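Student: Can we go through this structure together? I'd like to know how its parts pack.

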Amino acid sequence: MTKVLVFGSTFPSAVHPIHGIFVKERVKHVSMTSSIDVRVISPVPYFPPIKAFGRWYSFSQIPKFELFDGLEITRPRYLLLPKIGGRIHSRSMAFFSKPGIEKIRKTFEFDIIDSHFVYPDGVAAAICKKKYNCPLIITGRGEDILSFPNLPVIGDQIRWALQKADALVALSQEICDAMVSNGAPREKITIIPNGVDNQKFTPLARQASRKKLGLPMDKKIILSVGNRLERKGFHLLIKALPGIREQFPDAILVIVGGVARHGQDYTSVIEQAIAQNHLEEHVVLAGAKPSGELVHWYSSADVFALMTSREGSPNVVMEALSCGIPVVATSIGGIPQILNDPALGVLLDRRTVDDAQNGVIEALKTNWDRERIRAFANKNSWFSVAEKVNTVFNSVL
């Protein structure tokens, strides 16, 4: 049996149950194969348990050891210093993780280190690899490889880690190309998009789901899901809604998602866009919802829309498709590889209000084959992703 140490700070916990759930899903399904045994080390920045730290206080409440969805997780604390912390992020993460890795190693002699996000985790894992002399696999997931290599000091660390990895996984062709442009050998890279839990995300009766959530029964519902960040494009959908309502007067926009743990909160801009367009009665800000409830939100929708500016392989798109919901989305990251069939939705060339408006109107006018949409998701489950990841594991052993 192959023993795999997963190194990833972006991982769910009892305190933040949906943080990095896409990483957990891949790891979980890989661990469910008969030939793989997994342990997880998930470094957490140290914050004292003082509520005056605001949202950062929650980091102090994350358990140091936890069994989460059947996975054993060790969470060492590391120092992340203000202002200069970014440049030494990986070094600090590696230094403070080593005692936890040593403890795991005593009872679990891992054969592979499987790291998620090139920076800071991939660099930290590459530092740790030197001691254990075992193969390292790094997965690039988005901004970590699309933007961070341009940063001073950090960029050089990323290029060093790409060279040290024995294999690389890219969630999209765009991420693969970024790895190559930063010195990674093309033959080391395998493109494996995110999958979907098609047992959890399955079509439910629309009216029953709307009733459960308290949503109107007789409206056209446009749904968007994600953290309240600028790049998710919620403000574009809000500004497009008046034009959509000229053709579909009963259309409303439902936004599911809360404040991101990292990045600037965009809530005030979203609320301002709603007020300026007099849409208080036609936009629902539902807030963050547990993963298990999302199936009802997807099933309630007529159309799912994502006006994003940066993505790797967005889980929300796959989840919507798995629930049989057509998707309107920008041609960003791995989205074109997902929406490669016009029977699945509308792929937008540009990220503008006009494109959002026209794309949603086209989707609302179309008579979609929901079973065909669902069938696509069935072929792209997390189990199929796990098989591809296992092939990468075998290639480095």
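Tutor: We'll take the cores, then some helices, then two single residues. Keep in mind that this is a predicted model.

Student: Okay, cores. How many residues has the largest nonpolar core?

Tutor: The largest nonpolar core has 64 residues. Those with the most contacts inside it are L223, I244, W297, Y298, F304 and L321.

Student: Which helix gives the most to this core?

Tutor: Helix 9, residues 234-247. Helix 9 gives seven residues.

Student: And is there another core apart from it, or what else lies there?

Tutor: Another core lies apart from it, with 38 residues. Among them are Y78, A125, A126 and I138. As a general point, nonpolar side chains in soluble globular proteins tend to be buried together.

Student: Back to F304. What is F304 in contact with?

Tutor: Leave aside its neighbours within four places in sequence. Then the contacts of F304 include L223 and Y298. V316, V317 and A320 are also among them.

Student: Helices now. Which residues of helix 6 are buried?

Tutor: In helix 6, residues 154-164, these are buried: I154, G155, Q157, I158, A161 and L162.

Student: Why do they line one face of the helix?

Tutor: Look down the axis of helix 6. Its buried residues fall within an arc of 160°, so they line one face. In general, an α-helix has 3.6 residues a turn, so residues three or four places apart point the same way.

Student: What covers the buried residues of helix 6?

Tutor: The cover includes helix 3, helix 4, helix 5 and helix 7. Strand 8 and strand 9 are also part of the cover.

Student: New pair. How do the axes of helix 12 and helix 15 cross?

Tutor: They cross at roughly 130° and come within 7 Å. That makes helix 12 oblique to helix 15.

Student: Which residues make the contact?

Tutor: Helix 12 brings M318, L321 and S322. Helix 15 brings I373, R374, F376 and A377. By class, five are nonpolar, one is polar and one is charged.

Student: Where does S313 lie?

Tutor: In the loop between strand 14 and helix 12.

Student: Is S313 buried or exposed?

Tutor: S313 counts as buried, at 5% relative accessibility. Not counting residues up to four places away in sequence, S313 touches L171, P193, N194 and I338.

Student: Last one, H296. Why does H296 count as buried or exposed?

Tutor: H296 has a relative accessible area of 19%. Buried means under 20%, so H296 is buried. H296 lies in helix 11, residues 294-300.

Key: Residues numbered from 1 in each chain as written. Predicted model: local features only at pLDDT ≥ 70, side-chain atom pairs only at ≥ 80, totals over all residues. Heavy atoms only, no water. Helix = DSSP H or I, 4+ residues; strand = E, 2+ residues; numbered from the N terminus. Buried < 20%, exposed > 50% of the residue type's maximum accessible area, 1.4 Å probe, protein only. Axes fitted to C-alpha atoms, helices over the stretch in contact; angles between N-to-C directions. Parallel < 35°, antiparallel > 145°, perpendicular 65-115°, else oblique. Contact = heavy atoms within 4.5 Å. Nonpolar A, V, L, I, M, F, W, Y, C, P; charged D, E, K, R; others polar. Core = buried A, V, L, I, M, F, W, Y, C linked by side-chain atoms within 4.5 Å. Arc of directions from axis to C-beta.
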